Amino acid sequence: MWRESRDRGHGGNRIGSQIIRTLIDRREAPAQAVLPEELRSAYGGDLWFPPPGPERPYVIGNFVSTVDGVVSYEIAGQSGGGDISGFDPSDRFIMGLLRASADAVMMGSGTLHETAPGHLFVAGRAYPEARDLYARYRSEILRKKTPPLHVVVSGSGRMDLTRAVFRTPGIRTLIVTTKAGGDLLADSGAASLVSTEVRQLEGPIIAPAAILELLRAEFDVSLLLHEGGPTLFGKFLADGCVDELFLTIASQVAGRNAPPPRPGFIAGVGFTPETAPWLDLVSVKQQGNHLYVRYSTAHGKKTVLGVLPNRR
Ligand SMILES: NC(=O)c1ccc[n+]([C@@H]2O[C@H](COP(=O)([O-])OP(=O)(O)OC[C@H]3O[C@@H](n4cnc5c(N)ncnc54)[C@H](OP(=O)(O)O)[C@@H]3O)[C@@H](O)[C@H]2O)c1
């Protein structure tokens, strides 16, 4: 359990030795707080999400990037987000909070391959110090009785089915793949996995809207946490299927040299000045040299934030 003390001057709060300060918050707080006091205090404010539309879940992304926009060193054994954030506790705390809030956590197969085989995409794995608080928030306030559905997207169906996400009792996992991927997974014995289901959609590049429709209609997902990676997130952003981005900016500089270049949080998509999405700033938090920025993609649209001033 973390130690907590309020820094009244900045609205910041102590988690272990960390203090998250809220520097900017443009989202009007709900009349009644959502987060329980201890989590609200640790996060430096409340956290809530608009309800989903009828057709698809509300989609929030979460990435950590260096100042120069790199999300992976692409060095064997050092390509994960931890090496980008410097294993920053506040980044992990926020990731845990988002997982605790979500009905489903989604990742592409590339991101799954880069995690430890035993990893589960649940709140307590991101920040074990708050495991009990996350669990109480999830079950008592959000009334979600099970951990988030794990969703893995793969066109090829190539993945290691001995991973914990596919065989942990109590963790329900959905593999979204293509016809070819489904055939390969069937040959690999996926049907014998008790807590894992396979669904086939049209490919080879599966349309984000089809994934979201499936999750909303058949898996009752209202809030989807998109944990990347850049290829899957790029397609979702390009197709207008992301509502918010939680971006941690770690104050290190990675650089880029030999191909393939180290990715930013978008890969496989290149916008032009005419097509590039602009984001609205929702909040900025800070701890030490890290910034935790929350953006909305509802630029220039009438939103729960009201109409924000356009950047252009
Ligand atoms: N810093 C951070 O916050 C952060 C977050 C996430 C990931 N990462 C890093 O990013 C790197 C992985 O990047 P990535 O771009 O390869 O990750 P990715 O998007 O998770 O995985 C790419 C793979 O996902 C599948 N995929 C993605 N979009 C698809 C679609 N629309 N339809 C069908 N399949 C789709 C494909 O799998 P198949 O090849 O199986 O068809 C594709 O090869 C890793 O180093 C990881 O650690 C960093």
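This is a short talk about a predicted model of one protein chain with a ligand.

Hi everyone, thanks for coming. Please keep in mind throughout that we are looking at a prediction. I'll begin with the whole chain, go on to the core and the ligand shell, and end with some backbone details.

So, the overall picture. The protein chain has 9 helices and 12 strands. Its C-alpha trace spans about 60 × 45 × 40 Å along the principal axes. How does the radius of gyration compare with that of a compact globule? For 312 residues a compact globule would come out near 20 Å, and this chain has 19 Å, so the two agree. As for burial, 42% of the 312 residues count as buried. If you like contact maps, here is a number for you: among contacts with a separation of 6 or more, 70% are between residues 24 or more positions apart.

Now let's go inside. The largest nonpolar core has 72 residues. The residues with the most contacts inside that core are Leu 97, Leu 98, Ala 104, Val 151, Val 153 and Leu 224. Which helix gives this core its largest share? That is H3, with 6 residues. Helix H3 covers residues 89–101, so you can find Leu 97 and Leu 98 in the viewer by looking there. From its first C-alpha to its last, H3 reaches 18 Å over 13 residues, close to the 18 Å expected at 1.5 Å a residue. H3 is also mostly covered, with 13 of its 13 residues buried. Take Leu 97 as an example: leaving out residues up to four places away in sequence, Leu 97 touches Leu 39, Tyr 43 and Leu 47.

On to the ligand, which I suspect is the part you came for. The ligand is surrounded by 31 residues. Which of them are the closest? They are all glycines: Gly 108, Gly 110, Gly 155, Gly 228 and Gly 229. By class, the shell around the ligand breaks down into 12 nonpolar, 15 polar and 4 charged residues. Several elements each supply at least two shell residues: strand E4 (58–66), helix H2 (81–85), strand E5 (104–108), helix H4 (109–113) and helix H9 (230–238). H9 gives the most, with 4 residues.

Let's stay with H9 for a moment. Of its 9 residues, 7 are buried, so H9 counts as mostly covered. The buried ones are Pro 230, Leu 232, Phe 233, Gly 234, Lys 235, Phe 236 and Leu 237. What covers them? The cover includes E4, E5, strand E6 (149–153), H8 and E9. Just after H9, Gly 240 takes a positive phi of about 70 degrees.

That brings me to the backbone. Most residues other than glycine have a negative phi, and most peptide bonds are trans. With that in mind, here are some places to check on your screen. The peptide bond from Gly 228 to Gly 229 is cis, with omega near 5 degrees. Gly 229 sits in the loop between strand E9 (223–226) and H9, and both of these glycines are among the closest residues to the ligand. Another cis bond runs from Gly 203 to Pro 204, with omega near 10 degrees. Pro 204 belongs to the loop between strand E8 (196–200) and helix H8 (208–219).

There are also positive phi values outside glycine. Glu 74 has phi near 55 degrees, and its place is the loop between E4 and H2. Is Glu 74 buried or partly exposed? Glu 74 is partly exposed, because 16 other C-beta atoms lie within 10 Å. Asp 220 also has phi near 55 degrees, this time in the loop between H8 and E9. Asp 220 is exposed, because only 11 other C-beta atoms lie within 10 Å and the cut-off for exposed is 12 or fewer.

One last stop: Leu 247, in strand E10 (residues 244–250). Leu 247 is partly exposed, since it has 18 other C-beta atoms within 10 Å. Setting aside neighbours within four places in sequence, Leu 247 is in contact with Phe 63, Ser 65, Val 293 and Tyr 295. The C-alpha atoms of Leu 247 and Gly 61 are separated by 8.0 Å, although these residues are 186 apart along the chain.

That's my tour, thank you for listening!

Conventions
Residues are numbered from 1 along each chain as its sequence is written. This is a predicted model: local features need pLDDT of at least 70, side-chain atom pairs count only at pLDDT 80 or more; totals for chains, interfaces and linings use all residues. A residue is near a molecule or strand if its C-beta atom, placed from the backbone, lies within 6 Å of it. Ala, Val, Leu, Ile, Met, Phe, Trp, Tyr, Cys and Pro count as nonpolar, Asp, Glu, Lys and Arg as charged, and the others, Gly among them, as polar. A residue is buried if 20 or more other C-beta atoms lie within 10 Å of its own, exposed if 12 or fewer, and partly exposed in between; C-beta atoms are placed from the backbone. Two residues are in contact if their C-beta atoms, placed from the backbone, lie within 7 Å. The expected span of a helix is 1.5 Å times one less than its number of residues. The radius of gyration is taken over C-alpha atoms; the globule rule is 2.2 Å times the number of residues to the power 0.38. A nonpolar core is a set of buried Ala, Val, Leu, Ile, Met, Phe, Trp, Tyr and Cys residues joined through C-beta atoms within 7 Å.
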